[in-house]
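Please open the model in your viewer and keep the sequence panel beside it. The tour below moves from one selection to the next and says what is to be found at each stop.

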Amino acid sequence: MQTKIKPNVKVFDFNKDLADGLKDQARFWAKTKRELDLVPVTHTQAYDFTNSAKDIAVELKTDSYDSSNFFFERYSSIQAQTPGGPWQSHGKNVDVLFYWFKNKQLEPYYGFALSELIEFLDCYVKKNKPRLIEVKNKGYTTGGYLIPIQDVIHLAHIQQGAA
């Protein structure tokens, strides 16, 4: 069952969200560096971490809400139909997407092979037709889908802290 979300009237600030994201990346790295063997990359890279031993690029998606859903951004701009979230990362040759619920009780995170996740999401959206959730930003609107965790969990190659 999907969580009902009220229409988003708040206008998000990209620069503030970016600064918060960088703090979240540092916290995630401190929390997981021993078990995941990740190395942060510079802010100018197209991804957040690398694992040079396995030659993989890693993107981190962090959410601060406590929900039974993942939110996968589909369009960074609905108006321009530019890819967002996993689709944008895939275009930047990212291999793995970590999704971290930083405020849930056990701070669970999930690791997905990005190409496998996108293939699944494309089929899921086509079949189930979830509502596109709009998120207002200054000058553009992003859009994404709420997907129940239980519908995607079978794809997670890494799970930590999940209840």
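What follows is a walk through a predicted model, beginning with the whole chain and ending at a single glycine.

**The whole chain**

Begin with the protein chain in cartoon view, where four helices and ten strands can be picked out. Followed from the N terminus, these elements run α-β-β-β-β-β-α-β-β-α-β-β-α-β. If you colour by accessibility, buried residues make up 42% of the 163 residues. Among contacts between residues at least 6 apart in sequence, 64% join residues at least 24 apart.

Next, colour by confidence before looking at any detail. The chain averages a pLDDT of 87, and 88% of the residues score at least 70. In the protein chain, the mean is lowest in H1, at 82, and highest in H3, at 98. Now select residues 3–8, where the pLDDT is below 50, although this stretch still has nine contacts in the model beyond its near neighbours in sequence.

**The six-stranded sheet**

Select the strands E1, E2, E3, E6, E7 and E10, which in that order form an open sheet of six strands with mixed pairing. Strand E1 (39–40) and strand E10 (158–160) stand at the edges with a single partner strand each, so one side of each has no neighbour in the sheet. At the E1 edge, look at strand E2 (residues 49–51), which runs antiparallel to E1 and is joined to it by two bridges. To find one of the partners, select Pro-40, whose bridge partner in E2 is Phe-49. Then add H3 to the view: this helix packs on the sheet, where it touches E6 and E7, and its direction makes about 90° with that of E7.

**The nonpolar cores**

With H3 still shown, turn on the side chains of Phe-70, Phe-72, Phe-112, Leu-117 and Val-152, which are the residues with the most contacts inside the largest nonpolar core, a set of 26 residues. At least two residues of this core come from each of the following elements: strand E4 (69–77), strand E6 (96–101), strand E7 (109–113), helix H3 (114–128), strand E8 (133–137), strand E9 (140–148) and helix H4 (149–152). H3 gives the most, with seven residues.

Which residues are in contact with Phe-72, once its neighbours within four places in sequence are left aside? Centre the view on Phe-72 and you will find Pro-86, Trp-87, Leu-97, Tyr-99, Leu-117, Leu-121, Gly-144, Tyr-145, Ile-147 and Val-152 in contact with it. Apart from the largest core lies another, of ten residues, which you can locate by selecting Phe-28, Leu-38, Val-96 and Tyr-109, all four being among its members.

**Salt bridges from the E6–E7 loop to H1**

The count of salt bridges in the model comes to five, and three of them can be visited from the loop between E6 and E7 and helix H1, beginning with Lys-102 and Asp-24. The side chains of Lys-102 and Asp-24 meet at 3.0 Å, N to O. Lys-102 belongs to the loop between E6 and E7 and Asp-24 to helix H1 (residues 14–36), so that you are looking at a link between parts of the chain 78 residues apart. Both Lys-102 and Asp-24 are buried.

Move along to Glu-107 and Arg-27, whose side chains form a salt bridge of 2.0 Å, N to O. Because Glu-107 lies in the loop between E6 and E7 and Arg-27 in helix H1, this pair ties together parts that are 80 residues apart in sequence. Is Glu-107 buried or exposed? Glu-107 counts as buried, at 18% relative accessibility, whereas Arg-27 is partly exposed, with a relative accessible area of 37%.

Keep Glu-107 selected and add Lys-31, since the side chains of these two also meet in a salt bridge, at 3.5 Å, N to O. Lys-31 sits in helix H1, 76 residues from Glu-107 in sequence, and is partly exposed, with a relative accessible area of 33%. With Arg-27, Lys-31 and Glu-107 displayed together, you have a network of linked salt bridges in view.

**A last stop at Gly-91**

Finally, select Gly-91, which has its place in helix H2 (residues 85–91). Gly-91 is exposed, with a relative accessible area of 63%. Add Ala-46 to the selection: from Gly-91 to Ala-46 the C-alpha to C-alpha distance is 9.6 Å, while the two are 45 residues apart in sequence.

Terms used. Residues are numbered from 1 along each chain as its sequence is written. Side-chain values use heavy atoms; hydrogens and water are left out. A nonpolar core is a set of buried Ala, Val, Leu, Ile, Met, Phe, Trp, Tyr and Cys residues joined through side-chain atoms within 4.5 Å. Buried means under 20% relative accessible area, exposed over 50%, partly exposed in between (1.4 Å probe, protein chains only). Contact means heavy atoms within 4.5 Å. A salt bridge is a side-chain nitrogen of Lys or Arg within 4 Å of a carboxyl oxygen of Asp or Glu. pLDDT is the predictor's confidence in each residue, from 0 to 100. Two strands pair if DSSP finds at least two bridges between them. Axes are lines fitted to C-alpha atoms, for helices over the stretch in contact, and angles run from 0 to 180 degrees between N-to-C directions.
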